[in-house]
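Okay, hi everyone, thanks for squeezing me in. I'd like to walk you through one chain today, so let's put it on the screen.

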Amino acid sequence: MASGSTLRAANSRPLATFVSFACCIGAAFGQAAPGLSVDEAVKIGLRDNPQVVAGKASVAAAYATYRSLGAFPPITLGGTQVQGTSTAPTLNGTNNDTFVDLGETFDVSGQRRFQAAGANAQFSSARFSFQETLLTLEQQIRDAYWSLAAAQAQARISDMSLKDAERIHDLTVKQEEAGASPHGDVIRSSIDVANARQALMAARGAERTALIAFNNLLARDPSTPEVLGVDMVASEGDADVQVPSLEELRTRALRDRPLLKSVADLHRVATYAVRQAEASRFPDLGIDYQRSLRTTFDTLLFTISFPLLDFGSISQSVRAAKASAKQAEATEAQTRQQVEQQVAQAHADLELAAESAADYKKQILDPSISLLGMAQLGYQQGATGILPVIDAESTIRNARTGYINSLLAVHKAEDEVLAATGALPQRAGK
C-alpha cells in the first residue's frame, strides 16, 4: 500500500494542473488576446450585409417617389398640324394651320398635394422600417457573435477535459502496473476518455456551425476563421448586468422603437389616401396657351372638369380608402401590443438569465471546483480511489459547460432587450 501512496504523490501534478485551469474561470472578463469585438462585428455587418444595401435602396426609392410627386408638374409643349375643308379647326380662319401649345394643370382640388403628402409619409415609414431592419440585424449579429464565443469556449473546455481525462487514465494504468489500482479503475477511466473525446468532437462541430452563421451575417466566406476579442472561459463579470424596470423599458420602447414609428407613418399614408380620394370630387384648373406659326393669332384655353354624376366609382374608392385607414389604425394598435409583449418577455428573460448565471457560479461551479480539490487531496493521501476523482472531473466539466451556457443566455437576453427597445441594458459599474 505504501508503494501505491508513493505513486499517487508522484503523479499528483496533472490533477493540480486541472484544478489550476478550472480556477481560471474566476479571472476577470476581457483578458483575452486582442481580437474582433462585438461592436466591431456589428459595424462590419451593418456595412457589408446585403440587407443593408437593399434597405438603403428602398428608402432611396421612396424618397425619389416623394420628390417626384412634391415637385411642380412639368409644363407640356405640343405641336399640331391642322388640315381640313372647313375653317373651324384653325386659329387664323383658314383650312390649314400649324400651331404650338403650352399646357399646365393646377392642383386646385388637392389630389396631387395629398398624394405627395402620402408619399412623404411613405418615405418616412420606409426610413423607420430600414432602422428596424438595422436593429434586427444588429441583434442577429450580436447573438451570432456570442454563440460563436460560447462555442469556441466549449471547444476549449472539451479539449482541456480530454487532456485531463487522458492524464488520469495514464495515472490509473501506472497504478495498476504497480499493483495499487484495480483493473476496473482502468476501464472506468478509459470510458471517461472516450466520453471526453466525443464531447470534443461535438463541440468542434458546434463551433464550425456557429462560425458559418456568424460569417454569413457579416457577408463573408463561410469558412473564414475569426479570432474573437472575448474569452468566455475566463469570464466572471458577464452576469453583472443591471436589469432596468419593466416600466422603464416599456417607456423607452414606445418612444424609440423604429417599428412603432413606421406603422404610425403608414397610418398617415392611409389617412392621406382618404383625403386624396375625397378630393377627386372637386375640379382641377387646366390652362393651355396656343400660338399659330402661320399668323400672329394666340389662344388661351381654360379647362375645368368635375364629375357630374357618380355611379359609384368615386364613392367606392373613398369607402375603400377609409377601410384601409381603419385597417392601418388597427395594425398600429396591434403592433403596439406586440412591442409591449416583446418588452415584457425581454425583461423577464434578462432578469431570469442574470439571476441564473449568478446562482450557477455560486451554487454549482465554485462547489464543483472545491469538490475536485477534495477528491484530489483524498486520492493523494490514499484515503480514496480514482473513481471519486473521475466523478469530480466529470462534474466540473459539466459545471463549466453549463456556466458558459448561462453566460450565453445573459448576452442573448441583453440582445433581446436591444431588439425590443432599441438600446442595450447597462452593465454593472458602467
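Before anything else, one word: a residue is buried if its relative accessible area is under 20%, exposed if that is over 50%, and partly exposed in between, using a 1.4 Å probe and protein chains only. By that rule, 40% of the 430 residues of this chain count as buried.

Now the small print, in two sentences. What you see is a predicted model, so local features need pLDDT of at least 70 and side-chain atom pairs count only at pLDDT 80 or more, while totals for chains, interfaces and linings use all residues. Numbering starts from 1 along each chain as its sequence is written, and side-chain values use heavy atoms, with hydrogens and water left out.

Let's get the overall layout. Helices (H or I, at least four residues) and strands (E, at least two) are DSSP runs, numbered from the N terminus. The chain has ten helices and four strands, and from the N terminus on they go α-α-α-α-β-β-α-α-α-α-β-β-α-α. A contact, by the way, means heavy atoms within 4.5 Å. If you take contacts between residues at least 6 apart in sequence, 81% of them join residues at least 24 apart.

So, on to the inside. A nonpolar core is a set of buried Ala, Val, Leu, Ile, Met, Phe, Trp, Tyr and Cys residues joined through side-chain atoms within 4.5 Å. The largest one here has 49 residues, and Tyr145, Trp146, Phe214, Leu218 and Met232 have the most contacts inside it. Which elements give two or more residues to this core? They are α3 (38-48), α4 (50-70), α5 (111-177), α6 (183-217), α9 (313-380) and α10 (387-421). The largest share, 16 residues, comes from α5.

Zoom in on Leu218: leaving aside residues up to four places away in sequence, Leu218 touches Leu36, Ala41, Ile44, Gly45, Asp48 and Ile141. Apart from the largest core lies another one, of 15 residues, including Val343, Ala354, Ala413 and Val417.

Let's stay with α5 for a bit. Ala121 sits in this helix, and Ala121 counts as buried because its relative accessibility is 0%. Not counting residues up to four places away in sequence, Ala121 touches Asp265, Arg268 and Val269. Ala264 is 143 residues from Ala121 along the chain, yet their C-alpha atoms are separated by 9.1 Å.

Asp164 is in α5 too. Is Asp164 buried or exposed? Its relative accessible area is 2%, so Asp164 is buried. The side chains of Asp164 and Arg167 are joined by a polar contact of 2.5 Å. That term means a pair of N or O atoms within 3.5 Å; within protein, one must be able to donate a hydrogen and the other to accept it, and residues adjacent in sequence count only if both atoms are side-chain atoms.

Next, the rings. Rings of Phe, Tyr and Trp (its six-membered ring) pair if their centres lie within 6.5 Å; planes under 30 degrees apart are stacked, over 60 edge-to-face, and the rest tilted. There are six aromatic pairs in the structure. One of them, Tyr63 with Phe123, is tilted, at 5.1 Å centre to centre and 55° between the planes. This pair links distant parts of the chain, with Tyr63 in α4 and Phe123 in α5, 60 residues apart. Tyr63 is partly exposed because its relative accessibility is 36%, while Phe123 is buried, at 15% relative accessible area. Add Tyr66, and ring pairs link Tyr63, Tyr66 and Phe123 into a cluster.

Phe123 has one more neighbour to show you: Arg127 lies over its face, 5.7 Å from the ring centre. To count as a charge over a ring, NZ of Lys or CZ of Arg must be within 6 Å of the ring centre and within 35 degrees of the ring normal. Likewise, the charged end of Arg113 sits over the ring of Phe114, 5.2 Å from its centre.

Last stop, a backbone oddity. Most residues other than glycine have a negative phi. Ala219 is not a glycine, and still has a positive phi of about 55°. You'll find Ala219 in the loop between α6 and α7, and Ala219 counts as partly exposed, at 42% relative accessibility.

That's my tour, thanks for listening!
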